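Me: Please give a close account of one part of this model, the hairpin in chain A, and set it against the confidence and make-up of the chains around it.

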Amino acid sequence: MLSKIMVIILLLAFPMQPLAHGGEVPWEEPWKSASASQLPKKEGSEREASIGQRLVGSLIGFFQKYISPVDGDRCPSYPTCSQYALEAVRKHGFLMGLVMSSDRLIHESDEIQDAPLVFVQGAYRYHDPVENNDFWWDKK
Amino acid sequence: MAKISLLAIFFFLTPKILLAEEGHGRYIDESLQMNLADHFFKEGDYYRAITEYKRFLFFFPQSTRTEEALWKIGKSYFNGKKWEETISACEDLLKKFPHSSIINEVLFLEGVAFTERKEYSQARHFFHRVKEISPHRPLADEAQRQIALTYLKEEKWKEAAEEFRKINRNSRLYPKGEYIAQGLDRIHEIPQKSPAAAGILAAILPGAGHLYCERYRDASIAFLLNGIFIWGMVEAFEDKNYALGGILTFFELGWYSGNIYSAVSSAHKYNRKKRQEYIDLLERGGNLSLGISLEEKKPIVFLKYAF
């Protein structure tokens, strides 16, 4: 009887497990001056995606999940090149997104001469968002 | 018996000890609470300063210093670069004290917060209100300068120059404003690259557009990438390997269009950078001005320094 009660208690307690980790949440300083959370919101994420956008999204998702961790982090920019491609495709559609992604891969080496440094994901990176490369035609 | 006596002593004395402790305790009054908040403010700990100013408002709602606390909340948010909250705090103050003696400062702060949010039209509305309320105060001149700066940020050079020229001639801001206005009149003289030329050059020879925009590393990458893929494509089709040729063509189309886009974009970035450098130069300069003016028909040589 006792063991049954114990099992029931354990089963009931199981869903509460995440709460037990409450104390492990790191102390966050109020108003961090420079962090990724203060960087501009990723655009286009709320739009309904086309087939091309979803295809690119899946391919980049696969790359980010399985290939990039093995291949290593080599992109010096923020957002990373794959994330940039994802955001460009989401914001401007399949074709324009791909053109902008090619542009990003071509212009990376000279861009870092002027791009501001930001501290994200534990390292300093050159801030080169989509808005830095579509400002001359996308005035939204 | 002894135990009972001890217990009696304990019960009789305990409240007295507690009361004595209470008697030596410290009461927080208005002044002390405000001082604590000011202490955090001076230390640059605006987050805690706001908490203490809010505590002040909670504990002393009838205080004569309510307006001061609300104003300092707004300033704390502003110094903490929380623009939206600054605007809300200023609005809150103006709602509670519509005839506030610091209405100018509040409106000015709200204007600057809107400027930081890149809502320039709204910002100008507040700066104009500052000017209307007290046209002869130094803050009105500063508001005028802020109006000009919003146009500058929008890259509306003509409007910016006009607004800089509206700064009161007797203001210490005038010499610098005039200097910037004169510089803006000549902004079209700064070197610019033609985006169309960059695009055409890139289309003729990949990398040439970047070369034109003085991006030499990008030029070599664009040239090599396109060259290798075109070479591979030609070889594949010559060997009748159409599948490989098709794949390489798909990728090459991406590189080729990316190269043109990148060249056009580089020209725009070049122009933006040069304009910004010129504006920075104007903003840094113009502190010192030397001139001659005629006052009461007597020529006066003047030297003005804005700081």
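Reply: There are 14 helices and two strands in chain B, where helices (H or I, at least four residues) and strands (E, at least two) are DSSP runs numbered from the N terminus. This is a predicted model, in which local features need pLDDT of at least 70 and side-chain atom pairs count only at pLDDT 80 or more, while totals for chains, interfaces and linings use all residues. Residues are numbered from 1 along each chain as its sequence is written, and chains are lettered from A and ligands numbered from 1 in the order in which they are written.

The hairpin belongs to chain A. Strand β2 (residues 117–120) of chain A and strand β3 (residues 123–127) of chain A run antiparallel and are joined by four bridges; two strands pair if DSSP finds at least two bridges between them. V118(A) has R125(A) in β3(A) as its bridge partner. Two residues lie between the strands of this hairpin, and Q121(A) takes a positive phi near 50 degrees.

Confidence is expressed as pLDDT, the predictor's confidence in each residue, from 0 to 100. Chain A has a mean pLDDT of 79, with 70% of its residues at 70 or more. Among the elements of chain A, the highest mean pLDDT (95) belongs to helix α6 (residues 131–134) of chain A and the lowest (47) to helix α2 (residues 17–20) of chain A. Over residues 17–26 of chain A pLDDT stays under 50, and the model has zero contacts for them beyond four places in sequence; a contact requires C-beta atoms, placed from the backbone, within 7 Å. Residues 33–39 of chain A also stay under 50, with four contacts beyond four places in sequence.

Notes: Contact = placed C-beta atoms within 7 Å.
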